[in-house]
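Colleague: I'm new to this structure and would like a close look at a single part of it. Could you take me through the early helices, how they pack, and whatever sits in the loop that links them?

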Amino acid sequence: MRQHVMGGVCLAIGLLTASPGAAGTDAVLRWNENAGKAAAAACLTPEGNALAESRMYAMVHIAVHDALNAISRRSRPYAFDDQVKGGTSSSAAIAAAARDVLAAVIGQLQESGECIQRGLATVEADYAAALGELPDNQPKARGIAVGQAAATAILALRAHDGSDTTLADFGYPEGTAPGEYKFTPGTPFAFAPRWGEVTPFVLRDSSQFRAGPPFPVASSAYAEDFNEVKSLGGDGVTTSTARTAEQTQIGLFWIESSPLAWNRIAREISARANLDLHENARLFGLLNMAMADGYIGSWEGKYHYKFWRPITAIREADTDGNPDTAGDPGWTPLGFTYPMPDHDSAHSVEGGAAAEVLKRFFGTDRVRFRNCSMTLPAGQKCTDATPRLRSFRSFTEAANENGLSRILIGIHFRRAVEEGIEHGRNIGRRAVERFLRPLGD
């Protein structure tokens with residue numbers, strides 16, 4: 001197996017399998033996985049409110065990074081700048097930082113009370129287990145204190161970031177002209193129309209890398225994208241489809257939450273690369289800040305362009321003025337069409353951002369790995385005995401397939417996907433270049 005040494009990180013380039021349980025004994029990886037468990041228990045993932053999920057992961061990993069940095073300074077802090085004197089337990093600091101952020105954020109979610117209570121119970125159980133493994137001594141006490149201080153700092157910084165915005169806006173004004181966003185079937189509201197006003201983590205402002213515009217509805221480029229998603233994206237039941245069996249698998253595979261999927265991939269690659277606590281703290285801080293800003297930036301663009309979704313476009317195509325499109329009033333996509341405008345594809349932004357962070361952190365794009373999914377049919381999920389795996393030769397290949405999946409399930413035009421991937425790459429690049437920089441850089 002070849003070895004690559006990039007930026008002080010030795011990465012074995014081989015075939016990696018991203019699956020649950022990769023965290024081992026590394027406390028950063030353990031709490032990254034715990035955060036995913038808490039998100040699932042709180043109904044945020046694998047198909048819930050990924051906006052809140054991404055924000056929560058970013059805040060957890062900033063607190064973890066800053067707590068470790070206070071014990072042994074290795075990189076530039078984000079929200080908490082202090083230095084601890086005396087022996088201090090890193091494991092206790094990480095657990096306390098993660099626990100306090102998770103408990104606070106989950107307690108403020110706009111989910112049901114039952115979901116919130118399940119999430120909180122999961123966090124407390126994991127916290128008790130983590131602390132129970134450590135001896136009761138001064139290093140443990142100092143670790144808890146510094147972890148709590150780091151959590152308090154990021155919670156204070158994000159206390160008024162705009163994330164308490166209305167999620168389901170039933171009064172959002174719909175468009176009337178061809179190309180303008182209208183509510184999609186079964187969802188008579190717009191989802192989180194002001195999420196683009198949430199304070200970013202790494203962007204100067206949410207419009208910094210705004211995607212280029214959708215194609216004009218009367219153009220031949222639009223017609224090409226229209227006919228592609230119309231042909232490939234049907235459900236195969238109500239609406240015929242030219243999609244192959246493998247393309248159907250790709251579509252279903254990537255439906256799951258982007259933060260859930262890309263953190264799983266990063267955990268496994270990190271474990272195989274033998275990253276230490278500080279390297280993991282920096283990696284997961286960068287990854288999750290970039291992904292949180294991916295949603296913020298994409299939402300800003302979505303509600304700037306207010307472009308209609310394929311299901312609306314195809315059902316109303318006979319009135320769009322384009323001679324190369326034909327309407328189908330009963331056209332039904334394979335995937336659920338989320339209640340927000342098409343452009344750009346936030347899922348594609350997330351993949352582009354995550355792949356760019358991973359590529360720049362490890363110093364190479366050429367990392368072969370496999371990944372599982374939580375949105376494949378029963379018997380094929382990550383948690384099943386024989387999960388279905390997909391193989392990738394690079395981070396970019398995975399990001400591109402992730403974007404393609406949105407065309408294959410019929411919920412995005414190719415223009416939204418391609419612009420979204422590039423949007424995400426720009427966000428990922430800025431995160432790595434500007435934040436949590438190693439000392440001496």
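Modeller: Here is a walk through that part, one helix pair at a time, with the loop in between.

Keep in mind that this is a predicted model. When two helices pack, people describe them by the angle between their axes and by how far apart those axes are.

Let's start with α1 and α2. Helix α1 covers residues 27-41, and α2 covers residues 50-71. Their axes are 11 Å apart, at an angle of about 155°. Anything over 145 degrees counts as roughly antiparallel, so α1 is roughly antiparallel to α2. The crossing of this pair is right-handed. On the α1 side, the residues in contact are V28, N32, A35, G36 and A39. They meet E53, M56, Y57, H61, V64 and L68 of α2. Sorted by class, this contact has seven nonpolar, three polar and one charged residues.

Now for the loop between α1 and α2, where two residues deserve a look. Most residues other than glycine have a negative phi, and most peptide bonds are trans. C43, which sits in this loop, has a positive phi, near 70°, and is not a glycine. With a relative accessibility of 26%, C43 counts as partly exposed. P46 lies in that loop too. The peptide bond joining T45 and P46 is cis, with omega about 15°.

On the other side of the loop, α2 also packs against α3, which is made of residues 90-107. The axes of α2 and α3 come within 9 Å and cross at roughly 150°. That angle makes α2 roughly antiparallel to α3. Here, too, the crossing is right-handed. From α2, the contact uses R55, M56, M59, V60, A63, V64, A67, L68 and I71. From α3 come S90, A93, I94, A97, A98, V101, L102, V105 and I106. By class, the contact of α2 with α3 has 16 nonpolar residues, one polar and one charged.

Put the two contacts together and α2 has a part in both. M56, V64 and L68 are among the α2 residues that meet α1, and M56, V64 and L68 also appear in the contact with α3. So for a first look, follow α1 into the loop with C43 and P46, then along α2, which is roughly antiparallel to α1 and to α3.

Note on methods. Residues numbered from 1 in each chain as written. Predicted model: local features only at pLDDT ≥ 70, side-chain atom pairs only at ≥ 80, totals over all residues. Heavy atoms only, no water. Axes fitted to C-alpha atoms, helices over the stretch in contact; angles between N-to-C directions. Helix = DSSP H or I, 4+ residues; strand = E, 2+ residues; numbered from the N terminus. Parallel < 35°, antiparallel > 145°, perpendicular 65-115°, else oblique. Left-handed = near helix turned anticlockwise from the far one by under 90°. Contact = heavy atoms within 4.5 Å. Nonpolar A, V, L, I, M, F, W, Y, C, P; charged D, E, K, R; others polar. Buried < 20%, exposed > 50% of the residue type's maximum accessible area, 1.4 Å probe, protein only.
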